[in-house]
Amino acid sequence: MASNPPTTTSKVKPPTLSSMFTLFAKYRPTLNSFQGDGKRILLSQSDYWMQQANLIGPKHFTLTQTGLIFFEFRKSTLDYDEYLQFLALLCNEKQISVEEVKEKLTNCGPPGITS
């Protein structure tokens, strides 16, 4: 009687907003750009993330809006808690559900993957 080897089912953890923040904060779209440590995010990395999540456009935000809100913090990078504040301010200005935005950012896939 042949026995089947036990199958190992590795459970992949679903992405969280925090884990996606880390991935996009580390992402370097071009060779000469800033390589982040995953703890702070640049405006360009945030904009790339929002574009990948289909949040840049007439139904959601413009790059100008994201830039204006980002620079209200008077910093070149934001940490995760500041980024949550940034999202809240941005969504409040456009009267868009922050939960909807967080869901899109969480489920858009890792950097460079179009869904």
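Let's start with a cysteine: Cys91 is buried, with a relative accessible area of 2%. Cys108 is buried too, again with a relative accessible area of 2%, yet a search of the whole structure turns up 0 disulfides. Please keep in mind that this is a predicted model. The tour below moves from the overall layout to helix 2, then to the nonpolar core and the aromatic rings.

**Overall layout**

- The protein chain is built from 5 helices and 2 strands.
- Reading from the N terminus, the elements follow the order α-β-α-α-β-α-α.
- The protein chain has 115 residues, of which 36% count as buried.
- About 7600 Å² of the protein chain is exposed, and carbon and sulfur atoms supply 55% of that area.
- Take the contacts in the protein chain between residues at least 6 apart in sequence: 58% of them join residues at least 24 apart.

**Helix 2, an enclosed element**

- Helix 2 covers residues 43–52.
- Of the 10 residues of helix 2, 7 are buried, so this helix is largely enclosed by the rest of the structure.
- Which residues of helix 2 are buried? They are Leu43, Gln45, Ser46, Asp47, Trp49, Met50 and Gln52.
- The cover over these buried residues includes helix 1, strand 1 (40–42), helix 3, helix 4 and helix 5.
- After helix 2 comes Asn54, which has a positive phi, near 60°.

**The nonpolar core**

- The largest nonpolar core holds 25 residues.
- Trp49, Met50, Tyr83, Phe86 and Leu105 are the residues with the most contacts inside this core.
- Which elements give two or more residues to the core? They are helix 1, helix 2, helix 3 (63–71), helix 4 and helix 5 (98–106).
- Trp49 is a good residue to look up in the structure: leaving aside neighbours within four places in sequence, Trp49 is in contact with Leu17, Met20, Phe21, Phe24, Ile41, Tyr83, Leu105 and Cys108.

**Aromatic rings**

- How many aromatic pairs does a search of the whole structure find? The search finds 10.
- One of the pairs joins Phe21 and Tyr80 in an edge-to-face arrangement, 5.4 Å from centre to centre and with 75° between the planes.
- Phe21 belongs to helix 1 (residues 17–26) and Tyr80 to helix 4 (residues 80–94), so their pairing ties together parts that are 59 residues apart in sequence.
- Are the two partners buried or exposed? Phe21 counts as buried, at 2% relative accessibility, whereas Tyr80 counts as partly exposed, at 25%.
- Another pair, between Trp49 and Tyr83, is stacked, with 5.5 Å from centre to centre and 10° between the planes.
- Trp49 sits in helix 2 and Tyr83 in helix 4, so this pair ties together parts that are 34 residues apart in sequence.
- Both Trp49 and Tyr83 are buried.
- Ring pairs also link a cluster made up of Phe21, Phe24, Tyr27, Tyr48, Trp49, Phe70, Phe71, Tyr80, Tyr83 and Phe86.

**Putting it together**

- Trp49 brings several of these topics together: Trp49 is one of the buried residues of helix 2, is among those with the most contacts inside the largest nonpolar core, and belongs to the ring cluster.
- Tyr83 in helix 4 is the stacked partner of Trp49 and is likewise listed among the residues with the most contacts inside that core.

Definitions and conventions:
Residues numbered from 1 in each chain as written. Predicted model: local features only at pLDDT ≥ 70, side-chain atom pairs only at ≥ 80, totals over all residues. Heavy atoms only, no water. Phe/Tyr/Trp six-rings, centres within 6.5 Å; stacked < 30°, edge-to-face > 60°. Helix = DSSP H or I, 4+ residues; strand = E, 2+ residues; numbered from the N terminus. Buried < 20%, exposed > 50% of the residue type's maximum accessible area, 1.4 Å probe, protein only. Disulfide = S-S within 2.5 Å. Core = buried A, V, L, I, M, F, W, Y, C linked by side-chain atoms within 4.5 Å. Contact = heavy atoms within 4.5 Å. Areas by Shrake-Rupley, 256 points an atom, 1.4 Å probe, with all protein chains shown as cover.
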